[in-house]
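These are my notebook entries on a structure that I went through step by step. I begin with a term that I had to settle before reading anything else.

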Protein chains: 4
Amino acid sequence: MQNALTISGNNLTLDDIYQVSHKHRPVEIEEKSMELLVNTRKLVFELSDRGVPIYGCNRGVGWNKDKNVTSEMIIRFNSNMMHSHAVGVGPYAPQEDVRAAMLIRLNTVLLGCTGLSPEIAVLLKEMLNREIHPLIPERGSVGEADIVNLSFLGLALMGEGLVNYRGKEIKAKDAFKAEGIEPVTLREKDGLAVISSNAFSAGQAASVLFETELLLKTADIIACMSLEGLSGNVSSLREGVHNKRRYNRQTETAADMRKYLKGSYLYEPCSGRPLQDPLSYRCVPQVHGAVRTAMDYAASNLTIQCNSSDDNPCLLYEEGDIASNGNFDPLCWVLGMQNLGIALCHISRLSCLRTIKLASPGFTGLSRHLTPDEGTIAFSTIQKSFANLDAEIRMLANPVTMNTYSLSGDMEDISTNAPLVMQKDKKIIDNLFYILAIELLHAGQAMSLRNAGNCGKGTGAGYKALRRVVDFYDSDNRILSIDIDKAYTLLKSGDFLKSVLNGLED
Amino acid sequence: MQNALTISGNNLTLDDIYQVSHKHRPVEIEEKSMELLVNTRKLVFELSDRGVPIYGCNRGVGWNKDKNVTSEMIIRFNSNMMHSHAVGVGPYAPQEDVRAAMLIRLNTVLLGCTGLSPEIAVLLKEMLNREIHPLIPERGSVGEADIVNLSFLGLALMGEGLVNYRGKEIKAKDAFKAEGIEPVTLREKDGLAVISSNAFSAGQAASVLFETELLLKTADIIACMSLEGLSGNVSSLREGVHNKRRYNRQTETAADMRKYLKGSYLYEPCSGRPLQDPLSYRCVPQVHGAVRTAMDYAASNLTIQCNSSDDNPCLLYEEGDIASNGNFDPLCWVLGMQNLGIALCHISRLSCLRTIKLASPGFTGLSRHLTPDEGTIAFSTIQKSFANLDAEIRMLANPVTMNTYSLSGDMEDISTNAPLVMQKDKKIIDNLFYILAIELLHAGQAMSLRNAGNCGKGTGAGYKALRRVVDFYDSDNRILSIDIDKAYTLLKSGDFLKSVLNGLED
Amino acid sequence: MQNALTISGNNLTLDDIYQVSHKHRPVEIEEKSMELLVNTRKLVFELSDRGVPIYGCNRGVGWNKDKNVTSEMIIRFNSNMMHSHAVGVGPYAPQEDVRAAMLIRLNTVLLGCTGLSPEIAVLLKEMLNREIHPLIPERGSVGEADIVNLSFLGLALMGEGLVNYRGKEIKAKDAFKAEGIEPVTLREKDGLAVISSNAFSAGQAASVLFETELLLKTADIIACMSLEGLSGNVSSLREGVHNKRRYNRQTETAADMRKYLKGSYLYEPCSGRPLQDPLSYRCVPQVHGAVRTAMDYAASNLTIQCNSSDDNPCLLYEEGDIASNGNFDPLCWVLGMQNLGIALCHISRLSCLRTIKLASPGFTGLSRHLTPDEGTIAFSTIQKSFANLDAEIRMLANPVTMNTYSLSGDMEDISTNAPLVMQKDKKIIDNLFYILAIELLHAGQAMSLRNAGNCGKGTGAGYKALRRVVDFYDSDNRILSIDIDKAYTLLKSGDFLKSVLNGLED
Amino acid sequence: MQNALTISGNNLTLDDIYQVSHKHRPVEIEEKSMELLVNTRKLVFELSDRGVPIYGCNRGVGWNKDKNVTSEMIIRFNSNMMHSHAVGVGPYAPQEDVRAAMLIRLNTVLLGCTGLSPEIAVLLKEMLNREIHPLIPERGSVGEADIVNLSFLGLALMGEGLVNYRGKEIKAKDAFKAEGIEPVTLREKDGLAVISSNAFSAGQAASVLFETELLLKTADIIACMSLEGLSGNVSSLREGVHNKRRYNRQTETAADMRKYLKGSYLYEPCSGRPLQDPLSYRCVPQVHGAVRTAMDYAASNLTIQCNSSDDNPCLLYEEGDIASNGNFDPLCWVLGMQNLGIALCHISRLSCLRTIKLASPGFTGLSRHLTPDEGTIAFSTIQKSFANLDAEIRMLANPVTMNTYSLSGDMEDISTNAPLVMQKDKKIIDNLFYILAIELLHAGQAMSLRNAGNCGKGTGAGYKALRRVVDFYDSDNRILSIDIDKAYTLLKSGDFLKSVLNGLED
């Protein structure tokens, strides 16, 4: 069994999130953090006793911020808040995203700015470790704290909502029963502490970054295979060239590509080879490097989100005070995630353009559309498929963070549409796996036809991985849609990348 | 049983399509049209015998247009064409869209420009009438003839592909067997005749227009209910006002609204009522009328598509000739359908803005967020739901017809992304039904709270229809997400509209 | 001297507007219309005397609609309204647009819905006929009545604002003095009658349509010249082909193109000619026809705007009443103008793609980049110029009608951004004249190089018109930027079209 | 006189660029860099003598890369390259941008990757120091090396092109004559070395960043003034709050705002003040901080561009070799600059929304539209002005980096539209200065009306700066357009910021 990840609100990395959200690594809460929770919980009551108005504790929320909430009302108030804020619209988020969201909310709660009841933090941890996953609709949040989505987590904590437990959709209380644990009652400030956070979209963002990481590595390898399919020029990958450009991520990408191509026949002299290839081949390190830099911009700011307080009001424990604020605005990292979607467009364009070249005898010296013989049609109409998917990506690249309304009596007049940004990114990435799948079919077919000698260590392994699921296209007697699906699954599952990385080590 | 619709290529209306695609009205082919098919089929062979080069008959297609296809090759060539062109990407299109596509393709074939084997037209008709529906992936076409999607129809005609038959996904040949009919063999020019058409996206477009029609009527009624909820001013609906503006569709909309409001307390004098309401209330006939005009622009040009030839090459029977051409370019009506999506954005904005007003005491004189009492939160966070859905609509309004690549050796250098346009429109409409559902919840709640006297004949019926599925919101003890879903289903199913229209007749 | 155009509010055509705005045709007001003005003016006072609240007359405007305006205040109120509403942001609109706006406002005033003082209508007419043109900033209006811009017309009518008079920017009162006429005083409802109208953006829209008309004809001819440059196939222009497609505007476009190409060597047999050309050549009638249909959609709805009342409140003379309303919402025709910009994108794409083909020996059989000899670079980098201009056009095609705020205390919660739509359209058109200019340089160069025999009657005239300003490119000793500018000016001025039309008649 | 900036290709900062581009600081070239230039120049000839094919030296460029260029042809080849690549489209770039471009190109040349003749580097330096500025059209480049624009620099270096010299547009050779210096002759590889660089758009980008810096500081101050106008809550600016959020740029912004507000009456207790202000007030540090982080992302990658080689081919001096590559792809920093435009949208939204609140008695407790008395209209229609300018900004935020064509025989199949991105950013910023100007008018008016006691040290200085150019709005007897222009000029010139910073030090 995996050793547990101990969290404290301060050091959660994206890789930690991945281990918990995707690999179900168990989670523990640092002892000092539990102490802080206890102390900050006390502070809430002290402040309230002193008559300090506290939003979501002794005062209403949103437009109702001017209404008193008395202690008799508090349980019903919190329960009502979960019901009335549960206004999400489907579909439900994937479990990985939900786990990431739960972990992030739990981690930032530990900073002691919420005043959450400690037992709620513990239940949250237990739900993670026992794999009780609330069903949370993806849509409905405007991305200025995901109160819409996290209310479904709140309902689950109360035992009310639905959860996915061991593959079934059941009531939270039934899952708790099965595990022998108890739901909690939300009291002073608890409701707000659970829902007033960007943890849901931050969890989605983490998933997007994990997928992007896989996508980019996959794209690097396929670009190398296409270069072999083209019999292109490797001079543009030379280390000296990239050192002169001084972009780290570009330099790294080129180094990786040289690794994949190590031992390839492309490094042998060849008389017919042109001095330069089309830019979609020549600029791969520059473009993939640029996208990685865009990813870094997003990731570094998302990491701060996952290790800081976005709570309002925010307890200032050191000052023994509480303060209204705007820390729930997540624009800083949402801009990064939105920009990533735009950046990914360029991965798509390069892939499409490389694929077009592979079908073109003027660039490859091979047969038109990579047909095995004169009478076969082969990869002709398949160009429409990637062009159409790319057109959708292009549309999804348009920004949405400013498509907002002024809500709640004009109090909540800005927002970011964070979850919509993540939905767009995910769709872009999914389409891209199809597009890369089609490029892979071309690259593999060109490599088969060329049969030019040794492939690179990585590209050779990629070729073999492809051939395990899709045969050489030798005649038009099969439906190409099915080949596309097989290649897509190979890539999106990560099996392709794994095969190539294993190949490098052989 | 319904009487059959007889088609000839010339007079198919959108309503006819609706009867066949949604209501499964049987189809017959006009006798003269069958004769024309026989004669034009002959013409193909005469021309080919004379040595006239015919794309897709004795010459290849696409970039392979310079390659000969001999009569020995012809069966394999056509079969290959279906396989290699079947490069769609899921999900599968709804059966209504598939039926509409089949009907449209069948209808335009009857114009005698394809030279299709008459028995294939007959099989197509039989499949419609016997409800054998090919599974056709929605994505993959660039919208310059939907060869990608219609190949799946071609496969089904050959008995190969998958179909939905009586609710099950089975092989076409098994469905044929069950019905005692035979698949066909595609021969000279048949493959191209089946697939080189925009019938697939035209079928989708027809479905979009049917949904738009329902949506607009629903939106008219809900706007009237909101006006009652607001206790707004009906003077802006006066006939004289709209006659001065001279836009027919605006005039009609206002007339319908007056019908829905007939008998409403809004026509009784009321001292507190302001001279003018916010524009989202006052400009409903103008905006809904403008969207209807946008719909007319789309519909009239789509109707031409459904009754004209988009075939290349195109037989010119009267001239005894065949000609290469660009008639497969569907831009004229695709622009209309794209513009419709933009227009629908405005329906969304008005609905969102009206709903915001209903939650605002400054405009309604009712309680904040339409709460039944002080301690209830009610329609506070629900504003996020429609704002988020509207943000997605705003994104989907960005145009895509120009997001294209130059394909097939730069021969197919333009396209329209027609199916993507329709997918966007459908998503916009679906989101809009949610947004209107939320407005309806507000309007109904305001009407309940106001309890001001008689409702209009239509609005009263609408109110009752709502209350049959969603109760008055009297406390925060239920999850609002569920209310939203119920109201959405009420609207999207058409039951709401039906109830209101029935109410008018009482 | 031209005979005057007599207007009555009912029959103004776009061509009439062109005659007045661009050709300075004098304007007269129909006698019956003057009578109606007198009578409706009386009605205003009768209603006011009866105590009917009238927005902008005895009540304030906008958010101030609840404030009384007494008759003592009325002159100052109207003067104040002009000052405080004059919040435009530069640059100033071209005089043609201003003239069109003045004419449209004058025409619709004649419908008798404003109650404007008759002498103001007369002064407006005089200003048109005496060419006294107010300086009106283009920006600042949200396109829900152009009160921002028309206030500058109001200031001029009062003698206050600046006007362009005989080429100089002077005070309105000085221009009036020079012409021996008097400014007016704005009284009851006059201010609102002058400014509460979409006439300004309607005037801009009319100018856009005039430019579009020129652009499309120019594009038709240049496409024909490119077809000659390519030595392409005219079969796709055959009448029979277009009759089968049944889109009128497509059919017309093809007929015009056949006229331009009449007598061309393209109609002579030629062994090397491929069966089909790239779609950017083959689909010209389809795409240009589609854009014309988009133009018709815009134009027909704009024409209604120019002959109907967009006034609020609106006098209902027949009913002896006045009514609040939302007739100032111009969405119906603004959607059309916005869609036109999107449609024009496709003109751009076709031109760019045709030009790329002309530089490509694989399509033309001519030299690469149409160089006159081996040592010359010629039309290589010039591809960047049109690609960049097209990228800007693509951006400008994104819709803006929904980019709005809720203003004036949430009363004016929707708008259309009409003037921004027109600014975008104008920029798209201007860029397009550059793009077509570059295509023309290519087409002419290819025709020179090919020297294939007789050109068409129209294309030959076009070739000569080009050569009058730009010589054959025989060496790299001149700056291509200058050639581009010359060709652009030739096209945009209309001289090119005129030369070709004259050529047809020879 | 300023001391010179010594450059070497390695350490140029954005601030250095500002000093040279805007403040005309003289430039010197480090001695070692001159040596490197001499040595790398030699290397070019050695390689060429050895028969190594070198693009732009002994081989053609672009699609002509397969053509030989002999030494007899070399002078004409380079001259031709400048002429045929000079295909820009106006308007001309501002001189600051041109100076920045010249400096950046000069700096990166010093890295020794171009092989440029040393005397050309010297002439470039002289032109900078003697203020001889080539006229360079802004449009026409696709942003994959700005060959289109930099050709105009090349023409000037040859003495041919036009320059701006001491305020006049004259021939370069005349300016050289006046300064007693000589033009150069472009020889082997020189032409390419001058033009194959992104220096032009990098220069524009530098200018954009300088303007952004000014804009953001200005926006911070005005937001503070609006907070005073609103009599809002400063608790959201507390240091403790921002420390919990851990975004550096947010923390800094809040600190600056506290500085501007130091001593303000907002820090005094006030009974009526709400617990929380609308988000457009409360989230200023979060949003302005996020935009600054977006700026950092752009600036850091732009700085690498200014200190690295984007040359192709690239001399690898250490290896004694030359290599083809794709280093001219600038996507990494262009994405950053594009994202900055999107980020700036949010500055605009906040400003618009704050301004709307200032006109609203419900938020300010002041008069509607900040009228000085009942009879005045004041800031009513002015809301349209900023709404319209913001709508344009929203449109300009749509990305363009992927709106590209495949050019030069499909060799140059990707690009970035870098200069278009910068043009968009500039327009966004310019519009924003207008929008902030309108907010300033409101904030100042509200401060005047409130007259609540001491202003903050910075906000008080801002108020005084405003009042030096625009008086209190006491009646509708002036045209508001003029006030807008005055405030805009105050802000854009930097005078406003200067006054406030001076005020802080008093």
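Entry 1, a term. Before I could speak of bridge partners, I needed to know when strands count as paired: two strands pair if DSSP finds at least two bridges between them. I also reminded myself that strands of a sheet pair through backbone hydrogen bonds, either parallel or antiparallel. I keep in mind throughout that this is a predicted model.

Entry 2, a sheet in chain C. I looked up an open sheet of 3 strands in chain C, and I found that its order is β4-β6-β7, with antiparallel pairing. Which strands stand at the edges? They are β4 (132-134) and β7 (168-171) of chain C, and because each has a single partner strand, one side of each is left without a neighbour in the sheet. On average, neighbouring strands of this sheet are turned by 40° against each other, with direction ignored. I then followed one pair: β4(C) and β6 (residues 162-165) of chain C are joined in the antiparallel sense over 3 bridges. Within this sheet I checked I132(C), and its bridge partner in β6(C) is Y165(C).

Entry 3, the domains of chain A. The domain assignment divides chain A into domain 1 (3-195) and domain 2 (207-311 + 326-503). Taken over C-alpha atoms, the centres of domain 1 and domain 2 of chain A are separated by 37 Å. Where the domains touch, the contact takes 27 residues from domain 1 of chain A and 27 residues from domain 2 of chain A. On the domain 1 side, α1 (14-21), α4 (95-109) and β5 (137-139) of chain A each supply at least two residues. Which of these elements gives the most to that side? It is α4(A), with 6 residues. When I sorted the residues of the domain 1 side by class, they divided into 10 nonpolar, 11 polar and 6 charged.

Entry 4, chains A and D. I next turned to the contact between chain A and chain D, which takes 67 residues from each of these chains. On the side of chain A, at least two residues each are supplied by α10 (239-245), α12 (279-282), α13 (284-305), β8 (314-316) and α14 (331-358). The largest share of this side comes from α14(A), which provides 12 residues. By class, the side of chain A that touches chain D has 31 nonpolar, 23 polar and 13 charged residues. I also noted that a rotation of 180°, with 0.0 Å of shift along its axis, superposes chain A on chain D with an RMSD of 0.0 Å. Since 100% of the interface residues of chain A are also interface residues in chain D, the copies meet through the same surface.

Entry 5, chains B and C. Here 67 residues of chain B are in contact with 67 residues of chain C. In chain B, α10 (239-245), α12 (279-282), α13 (284-306), β8 (314-316) and α14 (331-358) each supply at least two residues of the side that touches chain C. The most comes from α14(B), with 12 residues, and the whole side of chain B has 31 nonpolar, 23 polar and 13 charged residues.

Entry 6, symmetry of chains B and C. How can chain B be laid on chain C? A turn of 180° and a shift of 0.0 Å along the axis do this with an RMSD of 0.0 Å, and that is the relation of a two-fold axis. The same surface serves both copies, as 100% of the contact residues of chain B recur in chain C.

Key: Residues numbered from 1 in each chain as written. Chains lettered and ligands numbered in written order. Predicted model: local features only at pLDDT ≥ 70, side-chain atom pairs only at ≥ 80, totals over all residues. Helix = DSSP H or I, 4+ residues; strand = E, 2+ residues; numbered from the N terminus. Axes fitted to C-alpha atoms, helices over the stretch in contact; angles between N-to-C directions. Least-squares fit on C-alpha atoms with pLDDT ≥ 70 in both. Contact = placed C-beta atoms within 7 Å. Nonpolar A, V, L, I, M, F, W, Y, C, P; charged D, E, K, R; others polar. Domains from an automatic or database assignment.
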